[in-house]
Amino acid sequence: MSTDSRTAAGQADQTALLYELEPVVEANLNRHLSVAKEWFPHAYVPWSQGRDFDGPLGGEAWEPGQSKLDETARTSLILNLLTEDNLPSYHHEIALLFGRDGAWGSWVHRWTAEEGRHGTAIRDYLLTTRAVDPVALERARMNHMSTGYVSMNSRQLVNSVAYVSFQELATRISHRNTGNYSGDPLCEQLLARVAADENLHMVFYRNLLSAAFDAAPDTVMEAVLDVVKRFEMPGATVENYTRKSVQIALAGIYNLRIHHDEVLIPVLRHVRALERTDLGPRGERAREELSGVLDALDAAARRFEEKRDARLARRAQAGA
Ligand SMILES: [Fe+2]
Ligand SMILES: [Fe+2]
């Protein structure tokens with residue numbers, strides 16, 4: 001079975017799987033709607049801290065001293081916001097793949113509506129509290145969105161479901177840890193609310209991945225392997241991403257250790273990827289390779305921690 005719609009056989013298999021999974025999508029959409037709580041972005045923004053900026057309103061220009069957040073918190077918030085900002089491209093990708101009809105289409109639109117709150121709420125918070133340079137932020141948004149986003153798993157149904165299962169959880173953790181790191185209780189409260197949405201998105205996709213595993217175990221194992229090997233955050237196309245991600249990793253907001261322990265392993269455990277008994281030779285080969293990839297990631301995470309600890313010790317010594 002191939003689920004890459006770029007070939008005729010893949011298109012047929014993908015369509016068959018879309019039909020097969022539709023009842024699962026419907027059940028999980030209903031489950032999602034029954035547990036998702038309505039919330040309002042405006043209620044999380046401290047409007048009383050806001051005032052006019054320079055420009056047509058003749059207010060006060062932004063200066064770094066006005067921000068209560070440190071540089072790492074600002075970097076992480078900007079990166080998370082730019083990631084949320086690219087929603088039109090994500091919508092395009094999943095609408096192309098899942099379609100706009102039936103339960104799949106209802107999910108696509110509901111998910112898009114929920115994601116739309118995240119960028120709105122975070123931007124309003126950042127501008128009202130003068131946490132970041134509003135001109136640089138808008139230029140970064142224009143730049144980032146003008147490039148658009150093309151998923152590495154574009155038009156591949158199973159790879160995309162596996163990818164979003166990991167990515168929604170990664171985004172949840174990244175928002176939550178950014179909030180914790182910020183030192184501002186209002187920022188923490190807002191990002192915890194956003195993270196709760198991301199968690200429900202993860203649950204939806206993870207349940208779908210589980211059902212896909214049961215329907216096509218070998219194909220899904222190969223897809224999971226591929227996605228774990230090539231995983232990249234959706235914000236990876238943001239300017240200076242490497243420098244920003246190192247800063248975020250060192251601050252403990254998101255790094256390889258978190259990626260391995262809190263994202264990959266919990267999702268894989270939930271879908272019983274490493275314990276399945278329904279695999280054929282293709283699936284068994286992929287699972288064996290997946291185990292090796294996870295071990296290598298774990299080892300890389302350990303090396304990262306050692307380097308980080310050594311760096312912190314050097315700093316402490318220099319400061320002492
Ligand atoms: Fe989001
Ligand atoms: Fe999400």
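Which helix is Thr-171 found in? Select Thr-171 and look: the residue is in helix H6, residues 157-182. Keep in mind that this is a predicted model.

**Stop 1: Thr-171**

Stay on this threonine. Thr-171 counts as buried because its relative accessible area is 10%, under the 20% cut-off. Now show its contacts. Leaving out residues up to four places away in sequence, Thr-171 touches Glu-84 and Glu-198. Both glutamates lead to the next stop. Glu-84 and Glu-198 are among the protein donors of the iron ion (ligand 1).

**Stop 2: the iron ion (ligand 1)**

Select ligand 1 and its donors. Glu-84 appears twice in the donor list, each time through OE. Glu-115 (OE), His-118 (ND1) and Glu-198 (OE) complete the list. The donors lie 2.0 to 2.4 Å from the ion. For a sequence search, the spacing of the donor residues is E-x30-E-x2-H-x79-E. Colour by helix next. Glu-115 sits in helix H4 (residues 102-128) and Glu-198 in helix H7 (residues 185-215). The two are 83 residues apart, so this pair links distant parts of the chain. Glu-115 and Glu-198 are both buried.

**Stop 3: the iron ion (ligand 2)**

Which residue bridges the iron ion (ligand 2) and the iron ion (ligand 1)? Select Glu-115, which is the bridge. The ions lie 4.0 Å apart.

Now centre on ligand 2. Its coordinating atoms come from Glu-115 (OE), Glu-168 (OE), Glu-198 (OE) and His-201 (ND1). The distances run from 1.8 to 2.2 Å. Check the angles: the four donor atoms subtend 94 to 141°, so the arrangement is irregular. A tetrahedral label would need all angles between 85 and 135 degrees. The donor spacing in sequence is E-x52-E-x29-E-x2-H. Here, too, a pair links distant parts of the chain: Glu-168 in helix H6 and Glu-198 in helix H7, 30 residues apart.

Switch to a surface view. Glu-168 counts as buried because its relative accessible area is 1%. Glu-198 also has a relative accessible area of 1%, so this residue is buried.

**Stop 4: the largest pocket**

Turn on pockets. The largest holds about 840 Å³ of space. Of its 42 lining residues, select the closest to the centre: Phe-231, Glu-232, Met-233, Pro-234 and Tyr-241. Then highlight the helices. Helix H2 (71-85), helix H3 (87-98), H4, H6, H7, helix H9 (241-250) and helix H10 (256-270) each supply at least two lining residues. Which helix gives the most to this lining? The answer is H6, with nine residues. Colour by class to see 20 nonpolar, 15 polar and seven charged residues in the lining.

**Stop 5: the second largest pocket**

Move to the second largest pocket, with a volume of about 430 Å³. Its lining has 22 residues. The closest to its centre are Ile-78, Leu-82, Ala-136, Ala-140 and Lys-244. H2, helix H5 (134-147) and H9 each supply at least two residues of the lining. H5 makes the largest share, at seven residues. By class, the lining has eight nonpolar, seven polar and seven charged residues.

**Last view**

Show both irons again with Glu-115 between them, bridging the pair. Add Thr-171, which touches Glu-84 and Glu-198.

How values were computed:
Residues are numbered from 1 along each chain as its sequence is written. Chains are lettered from A and ligands numbered from 1 in the order in which they are written. This is a predicted model: local features need pLDDT of at least 70, side-chain atom pairs count only at pLDDT 80 or more; totals for chains, interfaces and linings use all residues. Side-chain values use heavy atoms; hydrogens and water are left out. Donors are N, O and S atoms within 2.8 Å of the metal (3.2 Å for Na, K and Ca); water is not among the atoms, so sites may look incomplete. Helices (H or I, at least four residues) and strands (E, at least two) are DSSP runs, numbered from the N terminus. Buried means under 20% relative accessible area, exposed over 50%, partly exposed in between (1.4 Å probe, protein chains only). Contact means heavy atoms within 4.5 Å. On a 1 Å grid over the protein atoms alone, a cavity is a set of points where a 1.4 Å probe fits but cannot get out, and a pocket is an open set with protein on both sides within 12 Å along at least five of seven lines; lining residues have an atom within 4 Å of a point. Grid points are joined across faces, edges and corners, and a volume is the space filled by probe spheres set on the points. Ala, Val, Leu, Ile, Met, Phe, Trp, Tyr, Cys and Pro count as nonpolar, Asp, Glu, Lys and Arg as charged, and the others, Gly among them, as polar. Four donors count as tetrahedral if all angles lie between 85 and 135 degrees; four count as square planar and six as octahedral if opposite donors are over 155 degrees apart and all others between 65 and 115; anything else is irregular.
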